[in-house]
Amino acid sequence: MRSILLAGKKDLLKKAAGAAVKKTLGGEVSPESKTDPKTQEKQLPKKEPIFKLNNGMRIEEYTQTGLRDSNGNKKWIRILGVFLVLIFVWWIWPSKHEIYMDVDKMTPDKVSGMGSEKEYHFTHGQDFFIYYKRGGWFSPDKIKLTIYKVDESKEEISVQEKEFKRRFDKFQTYYDDSFFDDEGSYEAEIKDENGEILVSKKFTID
């Protein structure tokens with residue numbers, strides 16, 4: 001009888017001890033679960049903090065490389081775009097049509113050193129040349145040179161027309177000393193085949 005009581009007490013003590021351990025640890029534990037936490041942490045598999053991509057390239061490196069490539073491509077596209085715009089503006093920008101005059105025959109080299117804004121004065125009875133330099137990228141098929149006497153009215157006194165079968169850059173004509181009868185103010189005007197005035201230049205004969 002005594003042995004039965006002792007066995008019962010042992011069972012009660014064992015249950016009490018188990019309940020105490022369960023309450024302390026927050027659940028049932030087995031003897032194996034009471035190992036050192038540090039040892040248990042060491043046994044856990046290590047997690048790779050950075051996902052590896054493309055044979056060891058880290059995802060951060062992959063992202064940064066992609067961004068660098070994208071920024072570099074955008075930079076070159078912008079540079080190319082600016083370059084193309086400059087070429088386009090340079091191509092369509094209209095350069096000036098110009099008229100030069102001189103008592104001697106002119107050449108492109110001579111004209112390059114002359115000012116187109118110069119005011120021309122010639123002596124009555126003096127012969128001279130009129131030199132037209134084309135501006136822009138497109139050549140007119142025909143030009144019309146008209147000389148006007150400009151006083152109170154604008155009187156047409158000479159007309160010359162010149163047709164061109166191919167692209168041209170210049171046109172030169174000659175007026176001898178007997179052409180102009182009167183002194184005064186004159187104007188040379190050049191039009192294209194559509195009647196549009198390309199350039200005009202005033203001069204005087206004294």
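Tutor: A salt bridge, as the term is used here, is a side-chain nitrogen of Lys or Arg within 4 Å of a carboxyl oxygen of Asp or Glu. This is a predicted model, in which local features need pLDDT of at least 70 and side-chain atom pairs count only at pLDDT 80 or more, whereas totals for chains, interfaces and linings use all residues. Residues are numbered from 1 along each chain as its sequence is written, and side-chain values use heavy atoms, with hydrogens and water left out.

Student: Which residues are linked in a network of salt bridges?

Tutor: A search of the whole structure finds eight salt bridges, including one between Glu189 and Lys191, whose closest N and O atoms are 3.8 Å apart. That pair belongs to a network of salt bridges, and its members are Lys154, Glu187, Glu189 and Lys191.

Student: Is Glu189 buried or exposed?

Tutor: The classes rest on relative accessible area, with buried meaning under 20%, exposed over 50%, and partly exposed in between (1.4 Å probe, protein chains only). By that scale its salt-bridge partner Lys191 is partly exposed at 24%. Glu189, at 4% relative accessibility, counts as buried.

Student: How far apart are the closest N and O atoms of Asp102 and Lys110?

Tutor: Asp102 is buried, with a relative accessible area of 16%, while Lys110 counts as partly exposed at 31%. These two residues form a salt bridge, and the separation of the closest N and O atoms is 2.9 Å.

Student: How many residues apart are Lys142 and Glu161, which link distant parts of the chain?

Tutor: Lys142 is partly exposed, with 26% relative accessibility. Lys142 and Glu161 form a salt bridge whose closest N and O atoms are 3.9 Å apart. Lys142 lies in strand 6 (residues 142-150) and Glu161 in strand 7 (residues 154-163), where strands (E, at least two residues) and helices (H or I, at least four residues) are DSSP runs numbered from the N terminus. Along the chain, the separation of the pair is 19 residues.

Student: In the open sheet of five strands, which strands stand at the edges?

Tutor: The five strands follow the order 4-10-9-6-7 with mixed pairing, and two strands count as paired if DSSP finds at least two bridges between them. An edge strand has a single partner strand, so one side of it is left without a neighbour in the sheet. The strands in that position are strand 4 (120-122) and strand 7.

Student: Which residue of strand 9 is the bridge partner of Lys149?

Tutor: Strands of a sheet pair through backbone hydrogen bonds, either parallel or antiparallel. Strand 6 and strand 9 (residues 184-192) run antiparallel and are joined by eight bridges. In strand 9, the bridge partner of Lys149 is Tyr186.

Student: What is the relative accessible area of Ile147?

Tutor: Ile147 lies in strand 6 and touches residues including Ile130, Tyr175, Phe180 and Phe203, not counting residues up to four places away in sequence, where contact means heavy atoms within 4.5 Å. Thr146, also in strand 6, is buried with a relative accessible area of 2%. Ile147 is buried as well, with a relative accessible area of 0%.

Student: What twist does the open sheet of three strands average from one strand to the next?

Tutor: This sheet has the order 3-5-8 with antiparallel pairing. Strand 3 and strand 8 stand at the edges, each with a single partner strand. Angles run from 0 to 180 degrees between N-to-C directions, with axes being lines fitted to C-alpha atoms, for helices over the stretch in contact. From one strand to the next, the average twist is 20°.

Student: Why is strand 5 described as largely enclosed by the rest of the structure?

Tutor: Strand 5 (residues 128-133) is joined to strand 3 (residues 98-102) by five bridges and to strand 8 (residues 170-175) by six bridges. Strand 5 has six residues, and the description follows because the number of them that are buried is five.

Student: Which residues make the nonpolar surface patch of about 390 Å²?

Tutor: Patches are made of residues with over 30% relative accessible area and no salt bridge, like charges being joined within 9 Å and nonpolar side chains (Val, Leu, Ile, Met, Phe, Trp, Tyr) within 5 Å. Accessible areas come from the Shrake-Rupley method with a 1.4 Å probe, and for residues only the protein chains shown count as cover. Leu80, in helix 3 (residues 59-92), is partly exposed at 49%. The patch is made by Leu80, Phe83, Leu84 and Ile87.
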